[in-house]
Amino acid sequence: MNPDSVQGWLCIAGLGPGDPQLVTPEVTSAIDAATDIVGYIPYVARIAPRPGLTLHASDNRVEMDRARAALQMASSGKQVVIVSSGDPGVFAMASAVFEALVGRPDWQALDIRVLPGITAMLAAAARAGAPLGHDFCAINLSDNLKPAALIEARVRAAAGADFAMAFYNPRSASRPHTFGRVLEVLRETCGPDRLITFARAVSTAEEKLLTVCLAEATPEMADMRTVVIVGNSATRRVGRFVYTPRSAL
Ligand code: SAH
């Protein structure tokens with residue numbers, strides 16, 4: 001085929017939490033049709049190499065460069081998939097791509113699609129039972145892109161409104177104290193008996209789930225592969241499960 005006649009496109013796809021069975025057929029089809037895969041090293045490592053497919057793995061901190069490189073490839077006629085873990089719109093690459101479109105009408109005209117995936121909090125909630133069964137919110141605890149004071153204010157507001165909460169990026173070597181502070185705020189606002197679930201590496205061979213009450217929770221129970229779910233005031237245990245009733249009454 002004359003390469004000039006090939007239409008480029010860009011899909012921003014979610015690979016789900018880890019288990020290949022949790023990758024949607026839509027995402028699998030896009031990967032099968034792609035000429036180029038772009039993403040953070042561990043996510044690109046989940047894609048099987050094959051002839052005709054070029055893998056572009058990059059470090060985590062270069063999201064805008066990665067987005068622009070992918071758009072450039074699509075505009076030169078490549079079929080490109082940017083891979084994220086979980087869902088690409090949840091603390092991941094989709095926003096970076098749209099940000100890169102600002103001021104670039106040529107890129108805005110490209111065939112661009114976001115393909116959803118199963119985000120970590122939903123995979124974790126399903127393992128635990130139904131801790132997100134009533135109103136909930138998701139908060140990214142990474143302070144890479146926002147100040148620590150804003151994180152604390154949002155945690156306080158969410159706890160004050162009695163939302164169940166899912167925390168992404170709870171802890172990393174570069175900011176060992178953030179999560180300890182969040183636990184203190186939670187104990188202040190929710191009391192010692194509130195249930196908290198630590199779900200690590202959900203749907204992989206290293207999966208580990210632990211539910212305790214806030215009084216027993218320690219920062220070491222979380223790491224970068226953990227999503228943390230805090231229940232609302234009605235969240236309770238039944239047998240080995242944790243659930244939040246559908247009614248606030
Ligand atoms: N786009 C991803 C989130 C990226 S931020 C999604 O929708 O899931 C990375 C954070 O996601 C991690 O620090 C962790 O909090 C969470 N995470 C991703 N995969 C996970 C898994 N398999 N188990 C538990 N948490 C996970």
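**Exercise 1.** Where does the ligand lie with respect to domain 1 (9-118) and domain 2 (121-243)?

*Solution.* The model is predicted, so that local features need pLDDT of at least 70 and side-chain atom pairs count only at pLDDT 80 or more, whereas totals for chains, interfaces and linings use all residues. Residues are numbered from 1 along each chain as its sequence is written, and side-chain values use heavy atoms, with hydrogens and water left out.

Begin with the division of the protein chain into domain 1 (9-118) and domain 2 (121-243), the bounds coming from an automatic or database domain assignment. Both domains give residues to the shell around the ligand, and therefore the ligand lies between them.

**Exercise 2.** Describe the shell around the ligand.

*Solution.* Count the residues that have a heavy atom within 4 Å of the ligand: there are 19, and the closest are D87, V90, T119, M224 and T226. Then sort the shell by residue class, which gives twelve nonpolar, five polar and two charged residues; in this scheme Asp, Glu, Lys and Arg count as charged, and Gly is among the polar ones.

**Exercise 3.** Which polar atoms of T226, A120 and N169 lie by oxygen atoms of the ligand?

*Solution.* Apply the cut-off for a polar contact, a pair of N or O atoms within 3.5 Å. For T226 a polar backbone atom is 2.7 Å from a ligand oxygen, for A120 a polar backbone atom is 2.9 Å from one, and for N169 the partner is a polar side-chain atom at 3.0 Å. Finally, the protein buries 91% of the 550 Å² that the ligand exposes when taken alone, by the Shrake-Rupley method with a 1.4 Å probe.

Definitions and conventions:
Polar contact = N/O pair within 3.5 Å; in protein donor to acceptor, adjacent residues only side chain to side chain.
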